[in-house]
Amino acid sequence: MEREPGDRRLFFRGLQSCSHEKMKLRKRKSALYFSSQKSTGLRGDHLGENIYLVLFTIALRICNCFLVQTSFVPDEYWQSLEVAHHMVFNYGYLTWEWTERLRGYTYPLIFASIYKILYFLGKDSVQLLIWIPRLAQAVLSVVADLRLYSLMKQLENQQVAKWVLCSWFTWYCCTRTLTNTMETVLTILALFYYPLEGSKSMNSIKYSSLVALAFIIRPTAIIPWIPLLLRHIWQEQRKLDLILHHFLPVGFVTLSWSLIIDRMFFGQWTLVQYNFLRFNVLQNLGTFYGSHPWHWYFSQGFPVVLGTHLPFFIHGCFLAPKRYRILLVTVLWTLLVYSMLGHKEFRFIYSVLPFCMVFCGYSLNHLKTWKKPALSFLFLSNMLLALYTGLVHQRGTLDVMTHIQELCYKNPNKSAASVFVMMPCHSTPFYSHVHYPLPMRFLECPPNLTGKSQYLDEADIFYLNPLNWLYKEFHNNSTLPTHLIIFSILEEEISAFLISRNYERTAVFFHTHLPEGRTGSHIYVYERKLKGKLNRR
């Protein structure tokens, strides 16, 4: 039955008059209502979480930062801090990756910006140049921790969310200035916005932007995301709209950003992501720095990274609901792809560790009888691993650089000093940890980029016959460096040279309980004395 025209006019007048009337709402007098309002106001939400949780996580990662005083891999210095130091202070060593344009400046630019600010403030002391970038990386890891916690609270509950952050390998890596660390941070942030079933924070633009940024910083970061992106496209009803209006614009903007930054510093247009993938994946030239059997990630790499969480990961894989299957597929896919490459490292699979911790958290939450013993076991084992690897294992290469700093800033004859690091190449940091233009040299090891047969780099040639190499290289005493840095394993082999050239051991630093190959348990510093005999300590 239709309204008559007159009735319609009356109906709309009534609506209009009602809209001008002041609506009186009943005030709630419930004590529960006011207490919840009050508690929310006191608590405050930051990054979607309780302010106390945020502050605790910040404090935890700051402690984490200062309790990691060991070296892991050369890239944490040579592909980030050393490059940033060169960008800002116009001295520092750029490795062959930069002359061949395999690396992009996006990640080092973060630390170069920090260095520039410190320089303008007149606070560019060497200790601040070392620790402020690591604290910055720690803060980024805090954001990732909170996002992973929030995601698991959405998908499961607070109990599961608590157990996804506790890993010795995360502790060991998350404050290091490694592209792998940044890749993992961006992967977690992207996962927070990824359309997982049960997630309340889905956003295609945000997650694809974070994935694109991770790809710009480390091109192999795309590997874990291939199954996730394909799943999203498969499940999306408007596939063309997703690709054309989300993925392509995001990819275009981030790639353009990368091209512009690298154009500024390289002086020419360079697509470093293609160069990186061509060298490491298509040509597989990374094997120059070591190769492992195809099963290494399954037999050694993955079990070591997961540590004592491994049985809980396996248990969680059987218990977890169907919606987590894509995360397991992502982990297996990533392990398989990296297994096809000859050069393998623990850090390469760091980005899938958060995916694994989801299953560990699910397992721990569903334990009943053995829950307390399991948690105690995990806490103690991970704490011991984290403290040992963070404070003891491979610390000598950083301690010796502190000694070199003192040589620069406390030695009245520092202008005459020079250092030669006779260790496997890139064993120590360089100018980023000295911040003084001291003449320094190390044994170089660029790969065979020219295709020479039976190619040997400088380090390989040196270790074939160290004593003979030294006599040939320093036939003239005037070219001798004032300080030599060696691993203890080399001392006996070159002792004749050290004695004949009046070198005296002046410092000893512990490095590792597990020496292997060219790496010794201790690091020795030898100083050349103009008079006197070698006095072994």
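This briefing looks at the nonpolar cores of the structure and at two loop residues with unusual backbone angles. Keep in mind that the model is predicted. The largest nonpolar core has 88 residues, and a second, separate core has 26. Arg101 and Asn502 are the two loop residues to look for.

**The largest nonpolar core**

- Within this core of 88 residues, Phe169, Tyr207, Tyr324 and Leu327 touch the most other members.
- Helix 11, which covers residues 179-193, gives the core its largest share, with 9 residues.
- Try finding Tyr207 in the 3D view: leaving aside residues up to four places away in sequence, Tyr207 touches Ala190, Tyr193, Tyr194, Pro195, Trp225, Leu229, His232 and Phe247.

**The second core**

- A separate core is made up of 26 residues, and among them are Cys408, Val421, Met423 and Cys425.

**Two residues with positive phi**

- As background, most residues other than glycine have a negative phi.
- Arg101 is not a glycine, yet its phi is positive, near 60 degrees.
- You can find Arg101 in the loop that runs between helix 6 (96-99) and helix 7 (106-120).
- Arg101 counts as partly exposed because its relative accessibility is 26%, which lies between the cut-offs of 20% for buried and 50% for exposed.
- Asn502, also a residue other than glycine, has a positive phi near 60 degrees.
- The loop holding Asn502 lies between helix 25 (495-500) and strand 6 (503-510).
- With a relative accessibility of 25%, Asn502 counts as partly exposed too.

Conventions:
Residues numbered from 1 in each chain as written. Predicted model: local features only at pLDDT ≥ 70, side-chain atom pairs only at ≥ 80, totals over all residues. Heavy atoms only, no water. Helix = DSSP H or I, 4+ residues; strand = E, 2+ residues; numbered from the N terminus. Buried < 20%, exposed > 50% of the residue type's maximum accessible area, 1.4 Å probe, protein only. Core = buried A, V, L, I, M, F, W, Y, C linked by side-chain atoms within 4.5 Å. Contact = heavy atoms within 4.5 Å.
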